[in-house]
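Got the viewer open? Here's a walk through the model, one selection at a time.

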Amino acid sequence: MSQDQRERPDESGGASDPPHQQTRWYAGGQYEPLLSEKRSRTVAVESSLPDDLTRDELTLPALAEPEVSRHYTRLSQMNFGIESGSIPLGSCTMKYNPSFTEDVAAHRGTRVHPLRADADKQGVLHLLYELQETLAAVGGMDAVTLQPPAGAAGEFTGIQVAKAYHEANGSDRSEVIVPESAHGTNFASAAMAGYDVVELPSNENGRVEVDALEAAVGTDTALLMLTNPNTLGLFERSIEEIAAIVHDAGGLLYYDGANLNSLLGKARPGDMGFDIMHFNLHKTFATPHGGGGPGQGPIGVVADLAPFLPTPQVRETDGGYETYEPAHSIGRVHEFVGNWLVLVKAYAYILRHGDEGLETVSETAVLNANYLASRIEYDVPYGPFHHEFVASADADAGDVAKAMLDHGVHPPTTKWPEIVDEALMTEPTETESKARLDDLAAAFNAVAATDPAALAETPTTTTARRIDQASAARNPRLSWHALDAESE
Amino acid sequence: MPYATHSDAERSAMLDAVGVADPDDLFDIPESVRFDGDYGIEARSERATRGAVEGILDESPDLTEFLGGGHYDHYVPSVVDHLSLRSEFLTSYTQYQPEITQGFLQALFEFQSLVVELTGLGVANCSMYDRATALGEAALLADRVRAASGETVLVPDDLPVRVRSVLENYADGPGIAVDTYPTAGGTVDVDALADRVDDDTSMVYAATPNARGVLEPDLDAVGDLAADHDALFCVGSDAVALSVLEPPATYGADVVVGDAGVLGLPTTYGMGLGLFACREAFLRQVPGRLVGASEDDAGNRAYTLTLQTREQHIRRERATSNICTNQAWLALRAAIHAAWLGPGGLVDLAEECVTGIAETCERIDALDGFAAPVYDGHHFREALVDTDAPAADVVDHCRHAGLALRTVDDGGTERLAVCVTDTNRERVDELIDALAGYGGDA
């Protein structure tokens, strides 16, 4: 372990967090006003361009910098991040994001234009190469492309690679098999790539039903997409048998990397028989989720599929690095290399941890999930689970979530996967302390002990009270222009 | 583990609570697929990690870039970093619980409003990955909404291969064909396009500024051609250019795609912020996240993700797109940058993109051995330059002076490309000196 490692906490891990009241500014039927309501200005566009090319005027908020700063500072105070408190959203891996990676990403050497000649961007190519190789080692894969800009983009890329591979082998296959408990993106990515999606039922243990898989697999099978451990946190123990069934039929096996945080140092998709996988760098390797992105979803493949990867790839030369186009490349899935700064941050995170640190990440993530589950009163119907578990609420899971907000924590993912009634899909991650896990358990249990009728009155400690989702969809108002039009 | 949170005593207590002696006992993984090797990575202190990564990054030389080509550099004011890096923004995730994430939702609503103002269209989503994936999504939208069964998307012959390749991957699933129409004199050849558009055309795409940096003069006519055949008209542009250009909706655009990362995002090796706006009629077919206004139980206006039944986590294989994680934080940064500039500042910035390249072309044109710009018309940020010497030699020569330029295959002719914005304009003198030292007959 590193020489300047901060000490572990001592015996006492700290007390409960104090109750939380979220900041709110409030006046006249709204919280912090829109920028446009604070001060807008219409400027006549005077340009050296001819009139027929230009707009007449532009109307936008016009505020001095101090007012802009206050507006966004207030908005930030009406938001909840991982430094505000626990966010145990299942399958999202909301762990602490080390601050230093932001400073690395701000380093001058990241400010490089992608259209420089290879010789003039050796630093970038070197980092890309090292990250490619490192991810290949973590996944047990032979080749990695970093290009896909998110997990779903990784899925789409992987499916396109599989399609190109099958076509190159003269094999026309029309189906992708996806277990019913899989992430919605699996279904959507397969459909986007033009495949028919075959849904595979789970067995009574929450895992792939091998007999059903055997029945579903055939000469039309292009791909089986699997999350392992699955969204219930369960390892597919029959993975080798599953892989053999798919491979015997000429199909390929795709690994959804959303749950990789439970396998570091313990197992590798490549060793289980997977041919393609994606990594969610923003999950496993702790790059900030940014309120919904940017993420990054590199994919790894076995050697037979490497010639089909997107272009460009990076390889080592005598004393440097160069880009090249794989022999049968599917082309591009992003104009450049996706979210470059996310790649930099993830690489820094990996180097900081090293082998031993990464294995401890997964061990602690799994310990934390199991410890939390042992402390909550809701039923957890399936096990043994790894880094996440799905509890079953005895009330509406959506109401449970709102009530948990009043206990100062972000609730888990709710009502999904549907295989569990009133699901609370919970992933505490490795960076929550025992005290915070106890707080989370206390929040679950306080809500479990609350009269279900009272849950509908929550939340009361958040900036906004319960928000009417139905009317937002029935009467869509998606810009301040729409609000203005309505008030006229 | 550097971010360890448990003391040894706590860890023991937790292991006792779950009834195992070692965390490894919790892993329900068959021995046959257990990993007993190593990745070969040595842990480092924070300081050593920074040294290692920054050392690698420093292997790229410090150059003055005149590159462009889809990734543009504008000065990003300090407030953008300081505000967007507030951890409540940076370390949050998708707003599944809107009551506790009003701040980010409102910022995204304001971003959508900015895009609506710039494009003139009724609906904007809160981001796509980049301009190329946004164009791919537009082609899929056209395929879904068009009444007739046409399945060909027409793109101009100057569309960069990098963008076209992404579009082709998106188009592959539903079997959409991507076909090229010609340009002439640096802009869309409207007559030639008229010969190409037919009832099989589902979408016509044109960009302004186009790949040669020229502002398209006749997009009305392109829009009319598309409309005549019930094809969607998709316009590509960016958030700075649209601050002065005629809003595409006024000349018939059904969809606008492009890059909004020209605001809030400096040169970062091609990271993008895909902009996507369309006519309100296509609302329920829009890809990606949408933030809408609603009310909370206290009767106050509040924001929430809306129309989620379009999305993959609800609609699965019938979703309008597979996109989940997007570029939300970059949308926040673009919104802050735009707020900081205000409408006057945005217009000034755009105007600088017009005058900077025009002046630079004038100076290059005055040099022996160079003609700039190659094409008539008004340019935005970038232009192509004719060189008596091979363009690649000119690029090499400039490189010795610490200047990064590139060549473009312009319909079979290799030409020099030059991009000038507010951040490299003061270095144009160096460019002129370097070019002047490389006379055409050298």
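## Where the chains meet

Start with both chains on screen: their contact takes in 178 residues of chain A and 158 residues of chain B. Bear in mind as you go that this is a predicted model. Colour the chain B side of that contact and pick out helix α11 (residues 328-365) of chain B, which supplies the largest share, 16 residues. Now recolour by class: the side of chain B that touches chain A shows 75 nonpolar, 49 polar and 34 charged residues.

## A helix pair across the contact

Next, select helix α2 (residues 65-77) of chain A and helix α5 (residues 102-119) of chain B. How far apart are their axes, and at what angle do these two helices pack? The axes are 6 Å apart and the angle is about 135°. Angles over 145 degrees would count as roughly antiparallel and 65 to 115 as roughly perpendicular, so α2(A) and α5(B) are oblique to each other. Show side chains for A:L75, A:S76 and A:Q77 on α2(A), then for B:G103, B:Q106 and B:A107 on α5(B); those residues make the contact. They split into two nonpolar and four polar, with no charged residue in the contact of α2(A) with α5(B).

## Two covered helices

Stay with both chains and go to helix α7 (residues 161-172) of chain B. Put a distance between its first and last C-alpha atoms: α7(B) reaches 16 Å over its twelve residues, close to the 16 Å expected at 1.5 Å a residue. Is α7(B) mostly covered or mostly open? Mostly covered, with ten of its twelve residues buried. The buried ones include B:R162, B:R164 and B:E168, along with B:V163, B:V166 and B:L167. To see what they pack against, add α6 (131-145), β3 (152-156) and β4 (177-181) of chain B, and then α5 of chain A.

That brings you to helix α5 (residues 151-168) of chain A. Its end C-alpha atoms are 26 Å apart, and its 18 residues should span 26 Å at 1.5 Å a residue, so the two values agree. α5(A) is mostly covered too, with 14 of its 18 residues buried. Step past the end of α5(A) and you find A:G170, where phi is positive, near 70°.

## Chain B on its own

Hide chain A for a moment. Chain B has 13 helices and 17 strands, and its C-alpha atoms fill a box of roughly 80 × 55 × 50 Å along the principal axes. Of its 442 residues, 62% count as buried. Among contacts in chain B with a separation of 6 or more, 71% come from residues 24 or more positions apart.

Colour by domain: the assignment gives domain 1 (64-74 + 342-436) and domain 2 (78-335) of chain B. Their C-alpha centres lie 27 Å apart. Where they touch, 26 residues of domain 1 of chain B are in contact with 20 residues of domain 2 of chain B. On the domain 1 side, α11 and β14 (382-387) of chain B are the elements giving two or more residues. α11(B) has the largest share of that side, seven residues. By class, the domain 1 side has twelve nonpolar, eight polar and six charged residues.

Now zoom in on B:R279, in the loop between β10 (274-278) and β11 (291-295) of chain B. B:R279 counts as partly exposed because it has 16 C-beta neighbours inside 10 Å. Beyond its neighbours within four places in sequence, B:R279 is in contact with B:L121, B:G122 and B:D254. Add B:G120 as well: B:R279 and B:G120 are 159 residues apart in sequence, yet 9.0 Å apart C-alpha to C-alpha.

## Backbone stops

Most residues other than glycine have a negative phi, and most peptide bonds are trans. Here are some places to look for the alternatives.

- **B:D230:** phi is near 55°. B:D230 is in the loop between α9 (219-228) and β8 (232-238) of chain B, and is partly exposed, with 13 other C-beta atoms within 10 Å.
- **A:T429:** bring chain A back for this one, where phi is near 70°. A:T429 sits in the loop between β14 (423-426) and α13 (434-448) of chain A, and is buried, with 25 other C-beta atoms within 10 Å.
- **A:N228 and A:P229:** a cis peptide bond joins them, with omega about -5°. A:P229 lies in the loop between β6 (221-227) and α8 (239-248) of chain A.
- **A:T458 and A:P459:** a cis peptide bond joins this pair, with omega about 0°. Look for A:P459 in the loop between α14 (452-455) and α15 (469-474) of chain A.

Key. Residues numbered from 1 in each chain as written. Chains lettered and ligands numbered in written order. Axes fitted to C-alpha atoms, helices over the stretch in contact; angles between N-to-C directions. Helix = DSSP H or I, 4+ residues; strand = E, 2+ residues; numbered from the N terminus. Parallel < 35°, antiparallel > 145°, perpendicular 65-115°, else oblique. Contact = placed C-beta atoms within 7 Å. Nonpolar A, V, L, I, M, F, W, Y, C, P; charged D, E, K, R; others polar. Expected span 1.5 Å × (residues − 1). Buried ≥ 20, exposed ≤ 12 C-beta atoms within 10 Å, placed from the backbone. Domains from an automatic or database assignment.
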